[in-house]
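Colleague: Can you pull up the model and talk me through it? I will ask as we go.

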Amino acid sequence: TEFTEKQRGFNTFMMKDSYKMIICPLVDFPKHLGIECGSKGVFPYHANHPEFYGKEQDGLPPEEYSGKFNKKKRAEYEEHKASLPAGYRFNMEQELLQYCR
């Protein structure tokens, strides 16, 4: 693990899996670690990039930022998208904090 300085008021934590030992996506960590933390849902992990930091946009980032979907994940994504309130604004930093808690 690597800790870096605070950025825009947020503590920054970076976990590097250099040896490719983690064989599951972050969304499956609770199940594999035997902890309860609620549903992680679908996260646009390809949008976790500096061009999205410090900005808000109307609605979710384009679908391709969420990765490839199997049928189950496609249904989750569509359900999540439909559940968003009217006028929803996507803020990567806030979404990232919520997803990682």
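Colleague: What pattern does the protein chain follow, read along the sequence?
Modeller: The order is β-β-α-β-α-β-α. That comes to 3 helices and 4 strands. Bear in mind that this is a predicted model.

Colleague: How much of the protein chain is buried?
Modeller: Buried residues account for 22% of its 101 residues.

Colleague: And the contacts, what share join residues at least 24 apart?
Modeller: Counting contacts between residues at least 6 apart in sequence, 55% join residues at least 24 apart.

Colleague: Switching to helix 2. What should its residues span, and how far apart are its end C-alpha atoms?
Modeller: Helix 2 covers residues 71-83, which is 13 residues. At 1.5 Å a residue the expected span is 18 Å, and the end C-alpha atoms are 18 Å apart, so the two agree.

Colleague: What does Asn70 do at the start of that helix?
Modeller: A side-chain oxygen of Asn70 comes to within 3.1 Å of the backbone nitrogen of Lys72.

Colleague: Different topic. How many cavities of 30 Å³ or more turn up in the whole structure?
Modeller: The search finds 1. The volume of the largest cavity is about 30 Å³.

Colleague: Which residues line the largest cavity?
Modeller: Val42, Pro44, Leu60, Pro61, Ser66, Tyr77 and His80.

Colleague: How does that lining divide into nonpolar, polar and charged?
Modeller: The lining of the largest cavity has 5 nonpolar residues, 2 polar and no charged.

Colleague: Which part of the chain did you say helix 2 takes up?
Modeller: Residues 71-83. Tyr77 and His80, two numbers from that stretch, are among the residues lining the largest cavity.

Terms used. Residues are numbered from 1 along each chain as its sequence is written. This is a predicted model: local features need pLDDT of at least 70, side-chain atom pairs count only at pLDDT 80 or more; totals for chains, interfaces and linings use all residues. Side-chain values use heavy atoms; hydrogens and water are left out. The expected span of a helix is 1.5 Å times one less than its number of residues. A polar contact is a pair of N or O atoms within 3.5 Å; within protein, one must be able to donate a hydrogen and the other to accept it, and residues adjacent in sequence count only if both atoms are side-chain atoms. On a 1 Å grid over the protein atoms alone, a cavity is a set of points where a 1.4 Å probe fits but cannot get out, and a pocket is an open set with protein on both sides within 12 Å along at least five of seven lines; lining residues have an atom within 4 Å of a point. Grid points are joined across faces, edges and corners, and a volume is the space filled by probe spheres set on the points. Ala, Val, Leu, Ile, Met, Phe, Trp, Tyr, Cys and Pro count as nonpolar, Asp, Glu, Lys and Arg as charged, and the others, Gly among them, as polar. Buried means under 20% relative accessible area, exposed over 50%, partly exposed in between (1.4 Å probe, protein chains only). Contact means heavy atoms within 4.5 Å.
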